[in-house]
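The following exercises concern local backbone geometry, surface exposure and sheet topology. Please work through each task with the sequence and the model in view.

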Amino acid sequence: MKKQTGFTLIELVMVIVILGILAATALPRFAGLDSDARTASANGMLGAVKSAMAIVHAQALVGGVATSASGDTVTLEGQAIALVYGYPDLASIDNALNFSSDFTYASAGGTFTLQTNCLVTYTAATSATAPATAASTVTGC
């Protein structure tokens, strides 16, 4: 009698069914990662904006130009940064960051937008006692 080698059709079908079940349970876990990645990206941009604010403000304090409402500038890496009470104004925060990313910046609202409801908003200082702020919106990223 000749010895049979290989797999039967039933064995192959069972392996395919088991792989299908495993894929169906694992796929939803990986499908949610894109939202987490966008949220992390927005939080990273928030950190970058806050760091740029702090660096520009420190440079303004060192230069003694941290108290006027407008007209003063500091220079960082060859870029002139316009100041409002020692913090970057809405038009200059993008220059203070000095990097390219997937975010688009609209200086009218001070928003760095990755996609709808996934953005970072920069608010310029309004007085010598009200510093600039930055906040992220990540609902629906």
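**Exercise 1.** Determine whether Val 17 is buried, partly exposed or exposed, and why.

*Solution.* Buried means under 20% relative accessible area, exposed over 50%, and partly exposed in between (1.4 Å probe, protein chains only). Val 17 has 41% relative accessibility and therefore counts as partly exposed. This residue belongs to helix H1 (residues 9-31); helices (H or I, at least four residues) and strands (E, at least two) are DSSP runs, numbered from the N terminus. The model is predicted: local features need pLDDT of at least 70, side-chain atom pairs count only at pLDDT 80 or more, and totals for chains, interfaces and linings use all residues. Residues are numbered from 1 along each chain as its sequence is written, and side-chain values use heavy atoms, with hydrogens and water left out.

**Exercise 2.** Identify the loop that holds Glu 77 and describe its phi.

*Solution.* Glu 77 is found in the loop between strand E1 (73-76) and strand E2 (79-84). Its phi is positive, about 50°, although Glu 77 is not a glycine. Most residues other than glycine have a negative phi. Glu 77 counts as exposed because its relative accessibility is 73%. Tyr 85, in the loop between E2 and strand E3 (87-88), is not a glycine either and has a positive phi of about 55°.

**Exercise 3.** Establish the strand order of the open sheet that contains E4, and state which strands stand at its edges.

*Solution.* Two strands pair if DSSP finds at least two bridges between them.

1. Strand E4 (residues 104-106) pairs with strand E5 (residues 111-115) in the antiparallel sense, over three bridges. Thr 104 is opposite Thr 113 in E5. Four residues separate the strands of this hairpin, where Gly 110 takes a positive phi near 65°.
2. E5 is also antiparallel to strand E6 (residues 118-123), with four bridges. Phe 112 has Val 120 in E6 as its bridge partner, and Thr 111 has Thr 121 in E6. The hairpin of E5 and E6 has two residues between the strands, and Asn 117 in the turn has a positive phi of about 65°.
3. The resulting open sheet of four strands has the order E4-E5-E6-E7, with antiparallel pairing. E4 and strand E7 (133-137) are the edge strands; each has a single partner strand, so one side of each is left without a neighbour in the sheet.
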